[in-house]
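Here are some worked exercises to try with the structure open beside you. Have a go at each task before reading its solution.

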Amino acid sequence: MLEVRGLVTGYGGVPILRGLSLDVAEGEVIAVLGANGVGKTTLNRAISGLNHVMSGVIRFEGEAISGLSPPEIVARGLIHVPEGRKIFPNMSVRENLELGSYRRGKGNRTRNLERIFTIFPRLLERTDQFAGTLSGGEQQMLAIGRGLMAEPKLLILDEPSLGLSPLLVEELFALIARIASEGLAVMLVEQNVVQSLELASRAYVLEHGAIAMQGLAADLKRDPELEKTYLGL
């Protein structure tokens, strides 16, 4: 479904990712792991059309999307839930969710809202509440729900557990597992190694803008080199 080959991208002409390649198959959950500053968000931005691709190619469902605009990429069903949630704090929960279907999924808005409220019942309780007054965990649920409103074929989640308490992280990963169990392809970009490997079928570990390790999540969990590679020790 998603193919990234030899990706070089960065900022101001300075490459952050240097020749990175990865794949996400239909219905698969993969984890992209790494510490701060290794290029995880840069990768997401390049896939979503927000960063210029210096060289290499990104294909989605067999077609190159490297030169497309972010709205064109969204229209194809590749949806990116960014790091930091990026909700609209002075709009209600419902309004935030409805904006998720602005470019894609508008015709099924009512049905999709019902689905989101089934997955995230806490959002139903706060439908008319300003999004900025929600807790951190609720805001993350809202950000994911907004992404689901666009009827994604592939959902990229950038650091969804960032800043959440351990209890909320457990709850959030359980909700992501539920979403993935419906057959949605998910690219989970995280620092939370243990829970990400529990959820994903395969994983890539980034270090210094390149893939340092990759393989089945179950194998990586048992690999003594994982902690060394992940921490850069």
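**Exercise 1: A residue in a helix**

Asn-44 is found in helix α1, which spans residues 40-47. The model is a predicted one, so please read each solution with that in mind.

Task: Decide whether Asn-44 is buried or exposed, and find which residues beyond its neighbours within four places in sequence are in contact with Asn-44.

Solution. Start with the accessibility. Buried means under 20% relative accessible area. Asn-44 has 0% relative accessibility, so it counts as buried. Next, look for its partners. With neighbours within four places in sequence left aside, Asn-44 is in contact with His-80, Ile-156, Asp-158, Met-187 and Val-189.

**Exercise 2: The helix as a whole**

Task: Work out how many of the eight residues of α1 are buried, and which strands α1 lies across.

Solution. First list the buried residues of α1: Lys-40, Thr-42, Leu-43, Asn-44, Ala-46 and Ile-47. That is six of the eight, so α1 is largely enclosed by the rest of the structure. Now turn to the strands. α1 lies across β3, β6, β7 (154-158), β8 (185-190) and β9, and runs at about 145° to β8. Finally, step past the end of the helix: α1 is followed by Gly-49, which has a positive phi, near 85°.

**Exercise 3: The sheet**

Task: Find the order of the six strands in the open sheet, and say which strands stand at the edges.

Solution. Trace the sheet from one side to the other: the order is β6-β7-β8-β3-β9-β10, with mixed pairing. β6 (78-81) and β10 (210-216) are at the edges; each has a single partner strand, so one side of each lacks a neighbour in the sheet. On average, neighbouring strands here are turned by 15° against each other, direction ignored. For one pair in detail, take β3 (residues 29-33) and β9 (residues 202-207), which run parallel and are joined by four bridges. Here Ile-30 stands opposite Arg-202 in β9.

**Exercise 4: Two helices together**

Task: What is the angle between α6 and α7, and how far apart are their axes?

Solution. Helix α6 (residues 136-148) packs against helix α7 (residues 166-181) at about 15°, and their axes are 10 Å apart. Angles under 35 degrees count as roughly parallel, which makes α6 roughly parallel to α7. The crossing is right-handed. On the α6 side the contact is made by Gly-137, Gln-140, Met-141, Ile-144 and Leu-148, and α7 contributes Leu-168, Glu-171, Leu-172, Leu-175, Ile-176 and Ile-179. Sorted by class, this contact has eight nonpolar, two polar and one charged residues. To finish, place α7 against the sheet strands: α7 lies across β3, β7 and β8, at about 155° to β8.

Definitions and conventions: Residues numbered from 1 in each chain as written. Predicted model: local features only at pLDDT ≥ 70, side-chain atom pairs only at ≥ 80, totals over all residues. Heavy atoms only, no water. Axes fitted to C-alpha atoms, helices over the stretch in contact; angles between N-to-C directions. Parallel < 35°, antiparallel > 145°, perpendicular 65-115°, else oblique. Left-handed = near helix turned anticlockwise from the far one by under 90°. Contact = heavy atoms within 4.5 Å. Nonpolar A, V, L, I, M, F, W, Y, C, P; charged D, E, K, R; others polar. Buried < 20%, exposed > 50% of the residue type's maximum accessible area, 1.4 Å probe, protein only. Pairing = 2+ DSSP bridges.
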